[in-house]
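Visitor: Please choose one part of this structure and take a close look at it. Describe what surrounds that part as well, in one connected account.

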Amino acid sequence: MNNSPEFGPLMMTQHFDPLGERFIAAMREALPHCPPREIYWGYQFLTGALTLTFAETGRIDQLSGGLCRAADLAGVHERLAPYVAAGLRALCARSQPAPRPGKRAERRASPRR
């Protein structure tokens, strides 16, 4: 339903947006310095990953030559959260000011007291 242009918008809005809004609020609380635009993109990418993963199309079975299995929900559980968390952190880091060159080197060169 999530990827259906015919039924998706109405059904997703009606049945899933309240949960999605709560999840987005939790992500914004967990990543307070992350711009909202990056949180929303991160949520979009997460829902895409979930849609494909839980569709169990068998594509990963085929592409991996059987090394990975679409039905391996324990494998999904083990990998999906760290993958999504790293992606969200990367999106948030894009908006942070870049560290000034030489700052780390200056701290390391200073004698400890």
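Guide: A residue is called buried here at under 20% relative accessible area, exposed at over 50%, and partly exposed in between, with a 1.4 Å probe and protein chains only. By that scale Cys92, with a relative accessible area of 7%, is buried. The part chosen is helix α5, which holds Cys92.

The model is predicted, so local features need pLDDT of at least 70 and side-chain atom pairs count only at pLDDT 80 or more, while totals for chains, interfaces and linings use all residues. Residues are numbered from 1 along each chain as its sequence is written, and side-chain values use heavy atoms, leaving out hydrogens and water.

The setting comes before the helix itself. The chain has six helices and zero strands, where helices (H or I, at least four residues) and strands (E, at least two) are DSSP runs numbered from the N terminus. From the N terminus on, the order of elements is therefore α-α-α-α-α-α. Of the 113 residues in the chain, 18% are buried. Among contacts (heavy atoms within 4.5 Å) between residues at least 6 apart in sequence, 40% join residues at least 24 apart.

Helix α5 covers residues 73-94. Its 22 residues reach 31 Å from the first C-alpha to the last, close to the 32 Å expected at 1.5 Å a residue; the expected span is 1.5 Å times one less than the number of residues. A kink of about 30° lies at Arg79, shortly before the proline Pro82. The bend at a residue is the angle between axes fitted to the seven residues ending there and the seven starting there.

The buried residues of α5 are Gly75, Val76, Leu80, Val84, Leu88, Leu91 and Cys92. An α-helix has 3.6 residues a turn, so residues three or four places apart point the same way. The partners of this buried set are α2 and α3, against which it packs.

Several of these residues belong to the largest nonpolar core, a term for buried Ala, Val, Leu, Ile, Met, Phe, Trp, Tyr and Cys residues joined through side-chain atoms within 4.5 Å. That core has 10 residues: Ile24, Met27, Cys34, Ile39, Leu46, Val76, Leu80, Val84, Leu88 and Cys92. Two or more of them come from each of α2 (17-30), α3 (36-55) and α5 (73-94). The largest share, five residues, is that of α5.

Leu88 shows the packing at the level of one side chain. Not counting residues up to four places away in sequence, Leu88 touches Met27, Leu31, Glu38 and Gly42. Glu38 lies in helix α3 and is buried, with a relative accessible area of 10%. Counted in the same manner, the contacts of Glu38 are Leu88, Leu91 and Arg94. Arg94 is itself in α5, but this arginine is exposed at 64% relative accessible area. The C-alpha atoms of Arg94 and Pro35 are separated by 9.7 Å, although the two residues are 59 apart along the chain.

A covalent link also involves α5. The structure holds one disulfide, meaning a pair of cysteine sulfur atoms within 2.5 Å. Cys34 and Cys92 are its two members, with 2.1 Å from S to S. The link is left-handed, with -90° about the S-S bond. Cys34 lies in the loop between α2 and α3 and Cys92 in helix α5, so the pair ties together parts that are 58 residues apart in sequence. Like Cys92, Cys34 is buried, here at 8% relative accessibility. Cys68, in contrast, is partly exposed, with a relative accessible area of 32%.

The two packing partners of α5 have a link of their own. The structure holds two aromatic pairs, and one of them, Phe23 with Tyr43, is tilted, at 6.1 Å centre to centre and 45° between the planes. This pair also links distant parts of the chain, Phe23 being in helix α2 and Tyr43 in helix α3, 20 residues apart. Rings of Phe, Tyr and Trp (its six-membered ring) pair if their centres lie within 6.5 Å; planes under 30 degrees apart count as stacked, over 60 as edge-to-face and the rest as tilted. Both residues are partly exposed, Phe23 at 39% relative accessibility and Tyr43 at 22%.
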